[in-house]
Amino acid sequence: MNRFRLNPKVSVSIVFVAALFMSIMDGTIVTVALPSLGKQFHMAGTSINIVMVVYIVSLSVLIPVSGWMGDRWGTKQIFLSALALFSLASALCGLAWNIEALVAFRALQGLTGGALIPVGTAILYRTFPPSERIRLSSILMIPTVLAPATGPVIGGFFVDQLSWRWIFYVNIPFGIAATIFGLLYLQEHRQAADERFDLPGFVLAGIGLALTMYALSEGASFGWTSPSIMSSAIIGLLLLAAFVIVELRTPTPMIDLRLFGNHIFRTCTLVGLFGSAGFLGVLFVAPLYLQEGRGISALLSGLTTFPESIGVVSSMQIVSRLYGRIGPRRLTIGGLLWATGMMVFMCFVDGNTSLWLIRILLFLMGGGMAYMFLSMQTAAFATITPAQMGRATAVYNVLWQLGSALGIAVMSTVLSIVGLSRPGTQGIPVPNLSAYQIAFAVAAVLVLIGVSITLQIRDKDAEATMRHEISGQEEPLEVPMPVL
């Protein structure tokens, strides 16, 4: 076996990129299959959205406890168990015989996916020293950005050419291969194994986050004043408030909220929350504008929005080289302002706008967002100790999920208030493209909030992640970049 021993950085990166891509893509690949699922299971209107919502809600349940699980039983064991169960749940989703079975299996997917991302991130950040984390962040951004963009493309292809079941089957070979590879090459790590399970924290965080995510996801569909949404939001927020009180009084909390006393971690996390909300808000609105407003196919829509991910990947090498010299503060401000400008241009798209112009705008927007993604993810953990890493990555991923839900909730609300159609000639409704234009403007505002928070960042707090670049002792990272 010694002949085939891999550098731990290489093995961790390969397994994590595969797992992260699968988990994130599963949140978006289903979107283009919803009409087919509705016909298959005889569900009218937006009721089929439960297939997406249950994944988002269950995903948020296990994220808070994932850090404790990895520290207690070992990050390798928890990560690979979650990866194997995720693959099994994908197979079961493809075999679903009725809507109840599909919803149950999607919930299992979400639960296992909730452990994959934070535990995998903890493994990565314990493997890579701070001086190499800017390049590590560029690796993390590949699945984080490519997955939401490729999901609709892959889903559209399978739905058009094969069956909706293949949007789940596609995970199986990659999941099996990544699990076997991880068993052979990942290293185990345990931390603070004597800590007791924080049951009150788990219950309050799990139920509170689930109810809050449900309200954010379905508020625009059912109406923010509907009893189910209002009760879910109020109860969820009250439980989260109780969670904060309980955790601050617990000697060994499941989620260490004291991490927010770390200035650089708190600030970078909040910038990521609002920046991702605006960015993912655009990725949510753009396909609707193309398919509902312009009437183009799901596959062509996915191919039109895909360039944003190319923009992110294209900027990664530039950001990694500038980070040590310029620092996260100015890089993030410049990147977010550039991305905001592209979103403002998107406010003027109409029914005749060239698809190639839209692709260029999205490409440039992605290029700007890369400066925020890489800088904030690297700087956030600059002063986090290895002992804190499991809990810190759990907190970071909880707020990332909240940012995603916030962006989609705000965009959905804007579209529902303005209205996606208006009366046309002879009383026939026509698409109301101004609704999409206003939504793009709101996304730009969310990103600008991220800019205002970035002003509080102190580059000296991230010095540990910059020192390697500044010293001039730059060494190539031994991680093969995926071929796009």
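Among contacts in the protein chain between residues at least 6 apart in sequence, what percentage join residues at least 24 apart? The share is 83%, where contact means heavy atoms within 4.5 Å.

This is a predicted model, in which local features need pLDDT of at least 70 and side-chain atom pairs count only at pLDDT 80 or more, while totals for chains, interfaces and linings use all residues. Residues are numbered from 1 along each chain as its sequence is written, and side-chain values use heavy atoms, with hydrogens and water left out.

**Overall composition**

The protein chain has 18 helices and 2 strands; these are DSSP runs numbered from the N terminus, helices being H or I of at least four residues and strands E of at least two. Of the 484 residues in the protein chain, 58% are buried. Buried means under 20% relative accessible area, exposed over 50%, and partly exposed in between, with a 1.4 Å probe and protein chains only.

**Three buried residues**

The table gives the place and contacts of each residue, leaving aside neighbours up to four places away in sequence.

| Residue | Place | Contacts |
|---|---|---|
| V170 | loop between α7 (166-169) and α8 (171-185) | M25 and F158 |
| T305 | helix α12 (residues 298-305) | A286, P287, L290 and L362 |
| R359 | helix α15 (residues 355-380) | L300, L303, T304 and P307 |

T305 is buried, with a relative accessible area of 6%, and V170 also counts as buried, at 16% relative accessibility. The C-alpha atom of V170 is separated by 9.5 Å from that of S87, 83 residues apart along the chain.

R359 is buried yet has no salt bridge, a term that requires a side-chain nitrogen of Lys or Arg within 4 Å of a carboxyl oxygen of Asp or Glu. The nearest side chain of opposite charge to R359 is that of E308, 12 Å away.

**Internal space**

There are 2 cavities of 30 Å³ or more. A cavity is a set of points, on a 1 Å grid over the protein atoms alone, where a 1.4 Å probe fits but cannot get out; lining residues have an atom within 4 Å of a point. The second largest cavity holds about 40 Å³ of space, a volume being the space filled by probe spheres set on the points.

Its lining consists of C268, T269, G272, L273, Y396, L399 and W400. Helices α11 (263-293) and α16 (389-418) each supply at least two residues of this lining, and α11 provides the largest share, 4 residues. By class, the lining has 5 nonpolar, 2 polar and no charged residues, with Gly counted among the polar ones and Cys, Leu, Tyr and Trp among the nonpolar.

Technical notes: Lys and Arg count as positive and Asp and Glu as negative; His and the chain ends are not counted. On a 1 Å grid over the protein atoms alone, a cavity is a set of points where a 1.4 Å probe fits but cannot get out, and a pocket is an open set with protein on both sides within 12 Å along at least five of seven lines; lining residues have an atom within 4 Å of a point.
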